[in-house]
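Welcome! Please take a look at the sequence and the 3D view, then follow this short tour.

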Amino acid sequence: MGRFHRFLLPLACLCLICWAVFALTWNIFTPTHVSQAASADNSQISALYARLDGSINPAKEDFLQQALQACAKDGHHLLLLGLDTPGGLGQSMRDMVKMILNAKTPVAVWVGPKGARAASAGVFLVAASSVAGMSPQTNIGAASPVGMGGKEIPETVAKKITNDFVSLIRGVAEAKGRNVDWYEKAVTEAESISAQDAVMLRVVEFLALSPQDMLDQIGTQGLQVEGQKITFESQDVNLVNFEPGFRITFLSWLLHPQIAYFLLLGGIAGLFFELSNPGAIFPGAFGAICLLLGLYALAVLPTNAAGVLLIFLALVLFILELAVASYGLLSIGGVACLVFGSMILFKFEYGFTGLSLQVILPTVLAVSAFILLGLYLVTKAQVRPQKTGFEGMLDLTGHIISWDGDEGKARIRGEIWKVKSDENTSYSPGTPVRVTGEEGLTLFVREDKK
């Protein structure tokens, strides 16, 4: 029964991991829900409001797709996206631009609230929208391609990427009747402007304080719905909030490069500690969960296989340190593999910042210190003299259970032993004693006064 309980926790953790992977893959979590802001019965126009906050990634793709599907299913006339983003993955941005351009429901973008921004990939989403507006004290621009951690990329590669995205944004801005020259400068010269300047330069159409204000101005100017331009008053609009479900929220957190990196290294550290100290259970179970979640995120993010292999090679070197007397050379090699693997872990992609040395170095130092602590504990246990037979009993402590005449019984190391006093005295039950000698299966003890 004890052996069964020992494996019960790892088995339960394994089942939980399998269920989580299945749920993420097949989307069995409730994807999204909508909350009515007003009754739609007496409304002429129904608008669905969804917020896109944070970096642009595959989770945001799913969110936009589900919002557009909700518009088609529930008959909303307009999808209004509240945008605040520093940018994100180039491929995700392209896919979202295609969704917006090919959507049957008009898509409006409002950059807000105050202090928000539409930077990098966000500029393309604004350019592709049917109608665009910005809150005061917001900004848009800075869409030039950058390398990992914000570094400059090689000139030839930068020119190819820049030309590719310039052609995309020019075509989109021209089709929507916006300032093509400015959108080109946002990519080629990292141009960035405030909301007021964006309205004056025809980068966006409206300066709107809130989503409701945005809808009011759209209603005054008119909205193209199914080929017809319609106008509406504020009281004619039913605004419905579209909230992300657990899956979208969780994936948005998981697909951040730093989170994926922390999960990967945390999983490796947990597995190493379990392998070096069998029976700890929790580090192994926790490490397995972190490792699988980290690998899932890396499978979605632009990852270098060489970086992943170097990090796993570091784990192998640390494990070999347990069995080979390398005098620390294998550990040094493992730390070097962690550093180099972390530096090349992510590929370059437009708008993707990757990992900086400010993140890599402290993380590698922390994980290395944890692993070296495990190595120290294992080495200390291996060099400690092994005691067998009576030597293993000497100086152990326990307490008297009963006493009769010149001998009694004591509980020592969880076992009941026949004992005698080496002081020729008797002890009352509960007296703490220490083992001083043995004769056959009888232990000699004396009172432990410490």
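## Proline 302 and its loop

Proline 302 has a relative accessible area of 12%, so it counts as buried (buried means under 20% relative accessible area, exposed over 50% and partly exposed in between, with a 1.4 Å probe and protein chains only). Proline 302 sits in the loop between α11 (282-300) and α12. Helices (H or I, at least four residues) and strands (E, at least two) are DSSP runs numbered from the N terminus. Although proline 302 and leucine 89 are 213 residues apart along the chain, their C-alpha atoms are separated by 8.7 Å.

A word on the ground rules: residues are numbered from 1 along each chain as its sequence is written, and side-chain values use heavy atoms, leaving out hydrogens and water. This is a predicted model, in which local features need pLDDT of at least 70 and side-chain atom pairs count only at pLDDT 80 or more, while totals for chains, interfaces and linings use all residues.

## Two helices to follow

Helix α12 covers residues 305-323. Its 19 residues should span 27 Å at 1.5 Å a residue, and the end C-alpha atoms are 28 Å apart, which agrees. The expected span is 1.5 Å times one less than the number of residues in the helix. Which residues of α12 are buried? They are Gly307, Val308, Ile311, Ala314, Leu315, Leu317, Phe318 and Glu321. An α-helix has 3.6 residues a turn, so residues three or four places apart point the same way.

Helix α3 (residues 90-102) can be checked in the same manner. For its 13 residues, 1.5 Å a residue gives an expected span of 18 Å, and the end C-alpha atoms are 18 Å apart, in agreement. The buried residues in α3 include Gly90, Ser92, Met93 and Asp95, and Met96, Val97, Met99 and Ile100 are buried in this helix too.

## Strands side by side

Helix α3 also belongs to a right-handed β-α-β unit, together with β3 and β4. Right-handed means that, with the strands pointing away from the viewer, the path from the first strand over the helix to the second runs clockwise. Strands β3 (residues 78-84) and β4 run parallel and are joined by five bridges; two strands pair if DSSP finds at least two bridges between them. Leucine 79 has valine 107 of β4 as its bridge partner.

What covers β4 (residues 107-111)? Five of its five residues are buried, so "mostly covered" is the right description by the under-20% cut-off. Val107, Val109 and Val111 lie on one side, with Ala108 and Trp110 on the other. In a regular strand the side chains alternate between the two faces of the sheet.

Strand β4 also pairs with β6 (residues 131-134), in the parallel sense over four bridges. Here alanine 108 stands opposite valine 131, and valine 109 stands opposite alanine 132. Both faces of β6 are covered, with Val131 and Gly133 buried on one side and Ala132 and Met134 buried on the other. In turn, β6 pairs in the parallel sense with β9 (residues 206-207) over two bridges, where methionine 134 stands opposite leucine 207.

## Packed cores

The largest nonpolar core has 54 residues. Such a core is a set of buried Ala, Val, Leu, Ile, Met, Phe, Trp, Tyr and Cys residues joined through side-chain atoms within 4.5 Å. Leu79, Phe124, Val126, Ile140 and Tyr183 have the most contacts inside it. A second, separate core of 39 residues includes Leu264, Ala269, Val339 and Ile360.

Threonine 363 lies in helix α14 (residues 357-383) and is buried at 12% relative accessibility. Not counting residues up to four places away in sequence, threonine 363 touches Tyr261, Phe262 and Leu265, where contact means heavy atoms within 4.5 Å.

## Unusual backbone spots

Most residues other than glycine have a negative phi, and most peptide bonds are trans. Glycine 112 and proline 113, however, are joined by a cis peptide bond with omega about 5°. Proline 113 is in the loop between β4 and β5 (117-119).

Glutamine 137, in the loop between β6 and β7 (139-141), has a positive phi near 65° and is exposed at 58% relative accessibility. Asparagine 424 has a positive phi near 55° and is exposed at 77% relative accessibility; its loop runs between β15 (415-421) and β16 (432-439).
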